[in-house]
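User: Hi! I am new to protein structures and would like to learn how to read some features of this one. Could you walk me through it?

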Amino acid sequence: MTVDKNFCMSSYLAFRYIEKNEMDFFPGLHHQNIQPIAEDKKILVKTSQEIDQAIQKQFNSIAHKKIGILLSGGMDSAILASYMPGKDAYTFRFLNGTFQEQELKRAEYYASYYSLNLHYVDITWDTVTRFLRPVMEHKAAPVHSIEPQLLQAALQAKADSIELLVIGESSDLIFGGMDKLLAKNWTLEEFSNRYTFTQPQKVLTQPVDMSYLYERYRIGEDKIDFLRFMDEVFSIESSSSYLNAFSTAKIGYLDPYARLKMAEPLDLKRVRNGEPKFLIRELFHMKYPDIPIPNKVPMPRPVDEYFKNWQGPARPEFKPNLDMSQFTGNQKWQLYCLEQFLNEYEPLQ
C-alpha cells in the first residue's frame with residue numbers, strides 16, 4: 001500500500017471516494033472500495049413485467065428474514081414497498097418535517113397504500129455530530145453526506161430487530177435515471193467539468209491532478225465513453241456509501257435493482273426526450289395506478305441549511321480565505337468532512 005495524503009484528498013474531492021485501492025491517507029489506515037456484482041450474476045430484463053418478476057424472486061429468497069425498507073418519496077423505493085405489505089418502513093424526516101415536506105408526504109402515501117408500518121428517522125445536525133466519526137472510521141476515509149443519516153436509520157432499524165434493509169439505490173444508474181449526465185454525447189473536457197464534485201485545485205494547497213481517470217475513458221480525439229465511466233466509477237462511489245453505513249451498523253441490506261441489467265442498450269433518445277427510467281416509470285404506474293409519476297429527487301440532506309454560516313476549513317491543507325459563497329452545500333460538506341477526517345487522524349499541534 002502507498003500512503004499519499006495529497007492524492008487521497010484530491011480524489012475524495014473530485015469523485016467522493018478514493019479511486020485507487022492501493023492509496024491511503026495515513027499509515028495503518030486502509031480503505032477498500034466496493035466490488036460490483038459480477039456481470040454473469042446479473043439478471044437480464046427487457047420489460048417492466050420482467051423487472052417485476054425478477055424483483056419478486058429476490059423478495060421470495062429473503063422471505064425468512066425480518067426485513068425493512070428505506071422508503072423515500074421517489075419511484076424506486078416506492079416500487080420496492082409494493083413487495084413488502086405489512087413490513088416496516090423507515091423514512092427520513094428532516095428538521096422536524098420542514099425540509100422537503102412533499103417528499104415526506106409521498107413516502108407516507110406509499111406506506112399507507114401497501115399497509116407498511118412507517119417509522120420516522122428524525123434527522124438534525126445532531127445526526128452529523130453523533131454518526132460522522134463512526135462511518136469515517138469504518139471507511140478509513142471521509143464520507144458522503146448521506147452516510148451519517150444512513151447509519152442512524154440502520155441502527156434504528158436494528159433496534160427494531162430488523163435483519164436486512166431494502167434500498168432502491170441502483171435503479172438510476174441501471175435504467176437511465178441520471179438524465180442530466182445522459183443528456184448529450186460529451187466531450188471529455190465537458191464531462192470532467194460536469195462530473196467533478198469539487199475541483200481540488202480550487203481548494204487545496206497541494207492538489208493532485210485527477211484528469212487521469214477521465215483519460216482512461218477517452219474516445220478518439222476529444223470524446224468520452226461516459227456510459228462506461230458511470231458504470232465503473234459512479235457505481236462504486238454511490239453504492240459504497242450504503243455499504244459502509246450498513247456495515248458500520250452490522251446490518252444486512254438488499255438492493256434488488258443492483259442485480260438487474262437491461263438486456264438491450266439503453267434508449268438514450270427516450271431518456272433525452274423526457275422519459276428517464278422509462279421501464280421503471282411503467283412499473284411504478286403498475287404499482288400505483290392512481291397517482292402521477294413523481295419527479296426524481298436525490299436523497300435529501302439539508303446541507304445548505306447546515307453550512308449557510310460556515311466560514312470554511314482552517315487547516316493548512318486548504319487554501320486560506322476561501323470564498324464560501326462560491327460553493328454549493330454539498331461541496332461545503334466535502335470540505336467540512338475532509339477537515340474533520342484530517343483532524344481525527346492528524347490533529348494539529
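User: Which residues of α1 meet which residues of α15?

Analyst: Contact means heavy atoms within 4.5 Å. Here K5, M9, Y12 and L13 in α1 meet W333, Q334, L335, C337, L338 and L342 in α15. By class, these residues divide into eight nonpolar, one polar and one charged. Ala, Val, Leu, Ile, Met, Phe, Trp, Tyr, Cys and Pro count as nonpolar, Asp, Glu, Lys and Arg as charged, and the others, Gly among them, as polar. Before we go on: this is a predicted model, in which local features need pLDDT of at least 70 and side-chain atom pairs count only at pLDDT 80 or more, while totals for chains, interfaces and linings use all residues. Residues are numbered from 1 along each chain as its sequence is written, and side-chain values use heavy atoms, with hydrogens and water left out.

User: What are α1 and α15, and at what angle do they pack?

Analyst: Two packed helices are described by the angle between their axes and the distance between the axes. The axes are lines fitted to C-alpha atoms, for helices over the stretch in contact, and angles run from 0 to 180 degrees between N-to-C directions. Helices (H or I, at least four residues) and strands (E, at least two) are DSSP runs, numbered from the N terminus. Helix α15 covers residues 329–345, and α1 packs with it at an angle of about 150 degrees, with the axes 10 Å apart. The two helices are therefore roughly antiparallel to each other. Angles under 35 degrees count as roughly parallel, over 145 as roughly antiparallel, 65 to 115 as roughly perpendicular and the rest as oblique.

User: Which way does α1 pass α15, in a left-handed or right-handed crossing?

Analyst: A crossing is left-handed if the near helix is turned anticlockwise from the far one by less than a right angle, and right-handed if clockwise. α1 passes α15 in a right-handed crossing.

User: How many residues of α1 are buried?

Analyst: Buried means under 20% relative accessible area, exposed over 50%, and partly exposed in between (1.4 Å probe, protein chains only). In α1, residues 5–15, 10 of the 11 residues are buried. Among them are F7, C8, M9 and F15.

User: What is found at the two ends of α1?

Analyst: At the N-terminal end, D4 acts as a cap, with a side-chain oxygen 3.3 Å from the backbone nitrogen of N6. After the helix comes R16, whose phi is positive, near 70 degrees.

User: Which side chain joins K5 in a polar contact?

Analyst: A polar contact is a pair of N or O atoms within 3.5 Å; within protein, one must be able to donate a hydrogen and the other to accept it, and residues adjacent in sequence count only if both atoms are side-chain atoms. The side chain of K5 is joined to that of E346 by such a contact of 2.7 Å. Not counting residues up to four places away in sequence, K5 touches D24, F25, F26, E317, L342 and E346.

User: Let us try another pair. At what angle do α6 and α11 pack?

Analyst: Helix α6 (residues 147–159) and helix α11 (residues 226–249) pack at about 40 degrees, their axes 8 Å apart. They are therefore oblique to each other. The contact includes L150, L151 and A154 of α6, and Y242, A245 and F246 of α11. Its residues are eight nonpolar, three polar and two charged.

User: And how is α2 placed against α13?

Analyst: Helix α2 (residues 48–61) packs with helix α13 (residues 278–287) at an angle of about 70 degrees, with the axes 8 Å apart. That makes α2 roughly perpendicular to α13. Among the residues in contact are I51 and I55 of α2 and L279 and L283 of α13.

User: Is K332 buried or exposed?

Analyst: K332, in helix α15, counts as buried, at 11% relative accessibility. Leaving aside neighbours within four places in sequence, K332 is in contact with F307, K308, W310, M324 and F327.

User: What about S115 and N321?

Analyst: S115 is found in the loop between α4 (101–113) and β6 (117–123), and phi of S115 is near 55 degrees, a positive value in a residue other than glycine. At 51% relative accessibility, S115 counts as exposed. N321 is in the loop between α14 (303–306) and α15 and counts as exposed, at 77%.
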